[in-house]
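The questions below go through the model shown here, from its domains to its helix pairs and the contact between its chains.

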Amino acid sequence: MELIIDQVGKCYRGNVWALREFSLQLRPGVLGLLGPNGAGKTTLMSILATITRATQGRVLWNGTDLAHDPNAIRRTLGYLPQDLGVYPHLNAVEFLEYLAAVKGLDSAVAHRRIDELLNLVNLADVRKRPLGGFSGGMKQRVGIAQALLNDPELLIVDEPTAGLDPEERVRFRNLLSELSGERIVILSTHIVSDVEATATDIALISRGALVAHASPEQLLRKVEGKVWEYVVASSELNVAKQRYLTSGAMRRSDGVHMRVLTDQPPAGAQPMIATLEDAYLFCLSDHRAGAAA
Amino acid sequence: MKQFYLLYEMVRADFLERVRRYSFLLTVGAALYLAYSVSAEKVWLVVGDGYRGVYNSAWIGALMAVCCSVFFSLAGFYVVKNSIQRDTETRVGSVLAATPMRKSFYTLAKTISNFAVLAAMVFVVMLAAFAMRWLHGEVKQISLWKLWSPFLFASLPAMAVTAALAVLFEALPLLRGGVGNVLYFFAWTAGLGLSVNGVNDPTGLQIFYRSMHDTLKQTVPGTKEGFSLTIGGARAVHTFYWPGVDWTAQILLARFFWIVIAVGIALVAAAFFHRFDPAYEWSFRKKAAQAAGVGNGSSGTVNPIVTTPASVHLTPLNRRAKPAWPLPQLIASELRLMLKGQPWWWYVVAAGLVIAQLFSPTLDARRGVLVFAWLWPVLVWSRTGCREERNGTQRLIFSSERALLRQLPAVWVAGVMVALITAGGFGVRALLAADWRSIESWLAGAIFIPSLALALGVWSGTSKLFEALYTVWWYIGPANRTPGFDFIGVTSASSDPLFYFLAAAILLTAAYLGRRARMAYV
């Protein structure tokens, strides 16, 4: 099972490039696709989900080019788009039955699978309620269930935790980890903690370009020895922010505790254990500096 | 002063948002086409016993203003009846609802911005009227006052009423959707009927009728009564000189009365406007909340997602266990989707019409019932082809295997099934009587209607176009038995099944191409 994204680019009207020469090679596991808003994540997800065509480059699913045979990937694709639409008059079972039919699943298989999925996302007791009355979190769970209907080998989830409360977010992340197994899961998000908990691999994307593709450990190693914390007076906060790449600032009784990323720490700074958020900020800042130069 | 500024900003933002959409270009295009049709003498105004006015400024202005008043008060309604809906969809409404803005202020602002859009359409025709006067004028002298005053005093008040009615229909939950779209057509027809019967009407037809007829009577004493706006119909054979309407204070006051009425309608709309309160958005939300126990002391929350490893058990899917012929299953799903959400009384009426078809004693009576039986499911058909866009499920559907070749035909077949079932009584009787001519017409209608719905839905992305066009077509064709428009074949003379089989094939091809254009891959 292999997904190859080879030099993919996407240009929208007005010569706006959302993605440029983007390459990745994926094997089973969870890929956290991390990037700021407008980085090109959703465009990439749309290309992989066969919603839109790449302007340049190619995507190969188990050796088959998407442009030649999009159904090769569609057969084994589970896709949870960023803004999930539902039919408000249908209940959860009817909606999933409908999508199972669209995906070409046998009805007997689909019924069993829908029962299991509704239990999994814990919507079994509201299975007969119209979706129009569901909350955002509940709709998102229906979205997860529909993405898993055809037991996908490739599961694409685009900003899945948007609109979920913190507890549901944690649960959803755990669910993704449990589901990964022998499939490729692409989790697109701008929330670092979502990726931290689940991803076996991380791809950082910014301004349509791949900034880094590495394991979480490799990314963390990039900022090892660069994370420091020191205390400044409130009045010096702005100056400190301008001088250092800041990944956090916390007000305490003795002043503002600044968490900064630098090779040359200020006097009195204490070394800190690097987090993925530090690595994310560092890589993006590095990339922007490189692009500016 | 601050209130005026706020009103101006609201109207301006709404107007700009509309005119910067592609759909506005289509609207302007339609207005230009109307102007072209008049100047190309495809639309006629005939007075008395086959008379038209000499093409001077007054006649051209009146002719085009009448066209604006009549056609834009119908088509324009459907064009602007989405201002509140757009604020809901863009979620701007939620922001507005949290401001101190009064409901009446909002509905008034929406009425004015609706009016601005309609007035822009009228303005396009006003310019075209000038061009027509220049090209077709049969009298040398040009009077801008006589050319444009009919637009100002007849068309614009009509547009004001149309704009306000669009807001009222949007504010009323029952009329917000397809029911309102269909009902408006009949209200519009009734309104035109009033003007013919000599009542002061918003379109201003009566003013032109009286003035033209009085002039004609002086020129040709003993001429017949008559005033008709015809499309491609019998042309006028004689001409007479008409100097235009004398806009007296009394007439102007009567026209101003309609602007006051429009403001009144906008204020009435405020009483029904629920300020984007989601509790009023969906009727089933209340039912769902009741089912969940909300409002009865229960929290209404659901259990969280199961995440313990032991509980995550999904039976692996055997990919070979796919149905050999998945279409019937998909058609059944599409049919259920189509019919889901209809109230119980909808089925009762549909069943009643089927029974009436079965037991009507004569073929004519059965055909009469069939005409109504195929108006009843208009809101069921109107969602085909655009349901995915309306509900935001395109990404799910379009990323499915062979969506274009499976789902689109399934939607169409489901639509045909609705047509066949709702006209089942007629079909059974025709089969029993081996009346092949009726069966042919019955099948042509059953295939044509869903094809039209699908093509319009796919290309427009909205159900409104089919609801409006089909209702008008139904009224002109089957209801009035007009040859060429009668897709049901109500009479042998008006029936033309072969044409509608052919039209269905063209529409299906259009639907396929439209959907294909929206998908990255087939």
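Q: How many residues of domain 1 of chain B are in contact with domain 2 of chain B?
A: This is a predicted model, in which local features need pLDDT of at least 70 and side-chain atom pairs count only at pLDDT 80 or more, while totals for chains, interfaces and linings use all residues. Residues are numbered from 1 along each chain as its sequence is written, and chains are lettered from A and ligands numbered from 1 in the order in which they are written. The domain bounds, which come from an automatic or database domain assignment, give chain B a domain 1 (2–280) and a domain 2 (327–518). With two residues in contact if their C-beta atoms, placed from the backbone, lie within 7 Å, the 10 residues on the side of domain 2 of chain B are met from domain 1 of chain B by seven residues.

Q: Which helix supplies the largest share of the side of domain 1 of chain B that touches domain 2 of chain B?
A: The centres of the two domains of chain B, taken over C-alpha atoms, are separated by 32 Å. Helices (H or I, at least four residues) and strands (E, at least two) are DSSP runs numbered from the N terminus, and the helix that gives six residues to this side of domain 1 of chain B is α8 (residues 178–196) of chain B.

Q: How many residues of that side of domain 1 of chain B are nonpolar?
A: Ala, Val, Leu, Ile, Met, Phe, Trp, Tyr, Cys and Pro count as nonpolar, Asp, Glu, Lys and Arg as charged, and the others, Gly among them, as polar. On that basis the side of domain 1 of chain B that touches domain 2 of chain B has no charged residues and three polar ones, and its nonpolar residues number four.

Q: Why is chain B described as being as compact as a globular protein of its length?
A: Chain B is built with 22 helices and four strands, and its C-alpha atoms fill a box of roughly 90 × 70 × 45 Å along the principal axes. The globule rule (2.2 Å times the number of residues to the power 0.38, for a radius of gyration taken over C-alpha atoms) is the standard of comparison. The description holds because the rule gives 24 Å for 522 residues, and close to this is the radius of gyration of chain B, 26 Å.

Q: How are α3(B) and α6(B) oriented to each other?
A: Two packed helices are described by the angle between their axes and the distance between the axes. Axes are lines fitted to C-alpha atoms, for helices over the stretch in contact, and angles run from 0 to 180 degrees between N-to-C directions; helix α3 (residues 57–80) of chain B and helix α6 (residues 103–136) of chain B pack at about 150°, with axes 10 Å apart. Angles under 35 degrees count as roughly parallel, over 145 as roughly antiparallel, 65 to 115 as roughly perpendicular and the rest as oblique. The angle therefore makes α3(B), relative to α6(B), roughly antiparallel.

Q: What is the handedness of the crossing of α6(B) and α7(B)?
A: The axes of α6(B) and helix α7 (residues 144–171) of chain B come within 8 Å and cross at roughly 150°, and the two helices are therefore roughly antiparallel. Their contact divides into 18 nonpolar, five polar and two charged residues. A crossing is left-handed if the near helix is turned anticlockwise from the far one by less than a right angle, and right-handed if clockwise; the crossing of α6(B) with α7(B) is right-handed.

Q: How many residues of domain 1 of chain A are in contact with domain 2 of chain A?
A: Chain A is divided into domain 1 (3–216) and domain 2 (221–292), whose centres, taken over C-alpha atoms, are 34 Å apart. Six residues of domain 2 of chain A take part in the contact, and those of domain 1 of chain A number nine.

Q: How are α3(A) and α4(A) oriented to each other?
A: The axes of α3(A) and α4(A) come within 10 Å and cross at roughly 135°, in a right-handed crossing. Among the residues that make the contact are Leu96(A) of α3(A) and Ile114(A) of α4(A). The two helices are therefore oblique.

Q: Which element gives the largest share of the side of chain A that touches chain B?
A: The contact takes 58 residues from chain A and 46 residues from chain B. Elements that give two or more residues to the side of chain A include α3 (92–102), α4 (107–120) and α6 (166–180) of chain A. The largest share, eight residues, comes from α6(A).
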